[in-house]
Amino acid sequence: MNYEKRICCFIDILGFKKHINQTVNIDGEDDIKKIKKIKSILELSKNITDDLGFCKSKCITYFSDSIVISYKYNEPSQLFYTLLDLLYVSFELANKGFLIRGGVSIGKLIHTSELIFGPALVEAYEIESKKAKFPRIIVDEEVIKNGLEHRKNINSEKDENESIMNILSLDNDGMYYIDYITKSSSEFDDIEFGLYDYIESLRNNFFLNYNNENIEVKEKLDWLKTKLNLHIKQIRENVKNPIFSSEVVEYYSTLKEI
């Protein structure tokens, strides 16, 4: 058995231990409501990512609060579809009160329904655990470069690049991450008003109890808060454009920074 050159995505739900601890009450009784919520989150994550689509080499492994997705490096346009899935799962889980972190690497890997090991997995895990730091999925630049080289249409580099960059943003530390904060509009049922509801959902999910969190958690939330506040400022500027109705302008005028 030899290694294959594969793209490897390692995804982890942050604070999962805390969420699990909360499924048991002080008196030792099971909190059925919270157990069902954990179950629904894990099922949602699986449903979003468990779509092989047209990719012949895609493999997925689920264990506890982690997901590993991989595919052969030369699958045409698969990077875009995989990043889109990861954007969707990041958005949906954040909307429900769960943040995720991850790393996407390229390298040697063996990944089957029974086995998974190799340097690419180690690198993806190290990106997640050591480089990502905050609630974000970091995508290695070599992965992006490889994705542009292996596209369906050899004449579509510009379109493919735009599609990929419509999912990613470059962070202050020079690393690309899947931007579920400012590039998630495709997930809204209502394009005009959905963004407001999403930001309020993140506010309520992660910042109502901010003062009671430990320093490590606050560091992660501070990153999220900075991104959200910058986005809110941009939204306020955007709605000044005359293309927006007075109703939209008035609606977003009540959107406050965190």
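Tutor: A residue counts as exposed when its relative accessible area is over 50%, as buried when that area is under 20%, and as partly exposed in between. Keep in mind as we go that this is a predicted model.

Student: Thanks! Is S64 buried or exposed?
Tutor: Start with the place of S64, which is the loop between strand 2 and strand 3 (66-72). Its relative accessible area is 58%. The cut-off for the top class is over 50%, so S64 is exposed.

Student: What is the phi of S64 near?
Tutor: Most residues other than glycine have a negative phi. S64 is a residue other than glycine, yet its phi is positive. The value is near 50 degrees.

Student: And what is the phi of K133 near?
Tutor: K133 sits in the loop between helix 4 and strand 6, and with a relative accessible area of 47% it is partly exposed. Its phi is also a positive value in a residue other than glycine. That phi is near 60 degrees.

Student: Let's step back to the whole protein. How many helices and strands are there in it?
Tutor: The protein has 258 residues, and 48% of them count as buried. Its secondary structure comes to 9 helices and 8 strands.

Student: What radius of gyration does the protein have?
Tutor: A compact globule with 258 residues would have a radius of gyration near 18 Å. The value for this protein agrees with that. The C-alpha atoms fill a box of roughly 60 × 60 × 30 Å along the principal axes. The radius of gyration is 19 Å.

Student: Which residues have the most contacts inside the largest nonpolar core?
Tutor: In soluble globular proteins, nonpolar side chains tend to be buried together. Here the largest nonpolar core has 65 residues, and helix 3 gives the largest share of this core, 9 residues. The residues with the most contacts inside the core are L86, I178, Y180 and L224.

Student: Which residues is Y180 in contact with, leaving aside neighbours within four places in sequence?
Tutor: Y180 is one of the residues with the most contacts inside the largest core. Setting aside those sequence neighbours, its partners are L87, S90, F91, A94, L99, P135, Y198, W223 and L224.

Student: How many residues does the second, separate core have?
Tutor: This core is separate from the one that holds Y180. Its members include F10, V68, A120 and A124. The count is 7 residues.

Student: Now for charges. How many residues apart in sequence are the parts that K58 and D85 tie together?
Tutor: Side chains of opposite charge can pair when their charged atoms come close. The side chains of K58 and D85 do so in a salt bridge of 3.6 Å, N to O, and both residues are buried. K58 lies in the loop between helix 2 (32-49) and strand 2 (59-63) and D85 in helix 3 (residues 78-95), so the parts they tie together are apart in sequence by 27 residues.

Student: Which residues is D51 in contact with, leaving aside its neighbours within four places in sequence?
Tutor: D51 is placed in the loop between helix 2 and strand 2, and at 47% relative accessible area it is partly exposed. D51 and D85 are 34 residues apart in sequence, with their C-alpha atoms 9.0 Å apart in space. The contacts of D51 are with K58 and I60.

Student: Which residues are linked in a network of salt bridges?
Tutor: One pair to look at is D173 and R136, whose side chains meet at 2.7 Å, N to O. D173 is in the loop between strand 7 (168-170) and strand 8 (176-178), and R136 is in the loop between helix 4 (119-132) and strand 6 (137-139). D173 is partly exposed at 41% relative accessibility, while R136 is buried at 0%. The network links R136, D171, D173 and K227.

Student: Which helix holds both E200 and R203?
Tutor: Their side chains meet in a salt bridge of 2.9 Å, N to O. E200 is partly exposed at 21%, and R203 is buried at 15%. They are 3 residues apart, about one turn, and both lie in helix 7.

Student: Last one: which residues make the nonpolar surface patch of about 440 Å²?
Tutor: Y3 is a member of this patch, and it is found in the segment before strand 1 (4-13). At 39% relative accessibility, Y3 counts as partly exposed. The patch is made by M1, Y3, L115 and F117.

Notes. Residues numbered from 1 in each chain as written. Predicted model: local features only at pLDDT ≥ 70, side-chain atom pairs only at ≥ 80, totals over all residues. Heavy atoms only, no water. Patch = residues over 30% accessible without salt bridge, like charges linked within 9 Å, V, L, I, M, F, W, Y side chains within 5 Å. Areas by Shrake-Rupley, 256 points an atom, 1.4 Å probe, with all protein chains shown as cover. Salt bridge = Lys/Arg side-chain N within 4 Å of Asp/Glu carboxyl O. Helix = DSSP H or I, 4+ residues; strand = E, 2+ residues; numbered from the N terminus. Buried < 20%, exposed > 50% of the residue type's maximum accessible area, 1.4 Å probe, protein only. Core = buried A, V, L, I, M, F, W, Y, C linked by side-chain atoms within 4.5 Å. Contact = heavy atoms within 4.5 Å. Rg over C-alpha atoms; globule rule 2.2 N^0.38 Å.
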